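Good morning. I will go through one structure today, beginning with its nonpolar core and then turning to its salt bridges. Please have a look at the model first.

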Amino acid sequence: MHSSRVTRWSITYLVLFVIREGAVPFHIVSSVVLILFFLVLLIHGRQTEWTHRLDFLWKMQALEEKREMHELQDSNKRILFNLLPAHVAAHFLDHQFLSNMDLYHQAYPRVGVMFASIPNFHEFYMELDGNNQGVECLRLLNEIIVDFDELLMEERFKAIDKIKTVGSTYMAAIGLMPEYRILEENPVASANLLSALVDLAFAMRERLADINDHSYNNFMLRIGINVGPAVAGVIGAKKPQYDIWGNAVNVASRMDSTGLPNTSRRTSQSSSHMDVSSFNSQLTWRLSMVQLSCLAVSPMPSISR
């Protein structure tokens, strides 16, 4: 714009000088002035067009960068919601602009905890040339864990959170979501929630039985369930881990680790919070543990209910 303004002033000055001196006839001067005028219009038009094109390209680049930013945010949210339970991920997203965010933790008076392990998987795992140094064994374990994860996507198990997997052990809990708390003043709802955790145990057995039929294996599922107070939290800055701690978690783990293959056991505390009549279970024996009082343990029946 500045150069075109200078050009117009230069042409105007030149024309006035030529007319004043009378060196060139007027009709020639007029023709030259018209040519120069159209030339100035052409230059100005090209500059305007170039400016508009540049603005368009800048706007398109800004829109593309904005779209990529939204896609990156959505991808980060998906990763966060895969790493953490939905209510915990929402907590971090709501407080993401706080510079001094404290450690996330939440205490629960009652949580249902389940450990489900495949005790004979270590016998199946072998590092041989025929199974690609154990990769095929891990591929089958991944198929089992993915099938268990798919169960949690069903409507009847929507209140259950997957906590983690350690080796061939699957850990899940119920009562952690704000809308699905296990409350003492609402025993009917609490019994329904804990019954869903037992239903998950039966469903996991059925899925594992299907995998055994298709892979010609004999994997066995061993399950331990307990109910009690627990503390949930997220630890670590790099690869943050959501986990739960408490005596109830330790007892559920021991219910699993000290059980027999293809058996499911729960403590009397968990039985007292659910409708045990629907599972045809009976209190059969007691288990003593170090630093624990004698706990009543109820073996759960096989897949057929």
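Which residues does Ile174 touch, not counting residues up to four places away in sequence? Bear in mind that this is a predicted model. With those neighbours left out, Ile174 touches Val111, Gly112, Ala159, Ile160, Ile182, Leu193, Leu194, Ala196 and Leu197.

Ile174 also belongs to the largest nonpolar core, which has 35 residues. Ile174 is among those with the most contacts inside this core, along with Met114, Leu200 and Met204. The elements that give two or more residues to the core are β1 (105-117), α5 (135-152), β3 (169-174), α6 (187-215) and β4 (222-235). Of these, α6 gives the most, with twelve residues. Apart from this core lies another one, of 21 residues, including Phe92, Tyr108, Val113 and Ala173. As background, nonpolar side chains in soluble globular proteins tend to be buried together.

Now the charged side chains. How many salt bridges does a search of the whole structure find? The search finds 13. I will take three pairs and one network.

The first pair on my list is Arg53 with Glu49, where the closest N and O atoms are 2.8 Å apart. Both sit in helix α2 (residues 26-83), and because they are four residues apart there, about one helical turn separates them. Arg53 counts as exposed, because its relative accessibility is 54%. Glu49, at 32%, counts as partly exposed.

Next is Glu184 with Arg110, and here the closest N and O atoms are 3.7 Å apart. This pair links distant parts of the chain: Glu184 is in the loop between β3 and α6, Arg110 is in strand β1, and their positions lie 74 residues apart in the numbering. Is each partner buried or exposed? Glu184 is exposed, with a relative accessible area of 60%, whereas Arg110 is buried, at 19%. The cut-off for buried is under 20%, so Arg110 falls on the buried side.

The last pair is Asp243 and Lys164, whose side chains meet in a salt bridge of 2.8 Å, N to O. This pair too links distant parts of the chain, with Asp243 in strand β5 (residues 241-245) and Lys164 in strand β2 (residues 160-166), 79 residues apart. Asp243 is buried, with a relative accessible area of 9%, and Lys164 is partly exposed, with 26%.

Finally, the network: Glu150, Glu154, Arg156 and Arg207 are linked by salt bridges. That is where I stop.

Conventions:
Residues numbered from 1 in each chain as written. Predicted model: local features only at pLDDT ≥ 70, side-chain atom pairs only at ≥ 80, totals over all residues. Heavy atoms only, no water. Core = buried A, V, L, I, M, F, W, Y, C linked by side-chain atoms within 4.5 Å. Buried < 20%, exposed > 50% of the residue type's maximum accessible area, 1.4 Å probe, protein only. Contact = heavy atoms within 4.5 Å. Salt bridge = Lys/Arg side-chain N within 4 Å of Asp/Glu carboxyl O.
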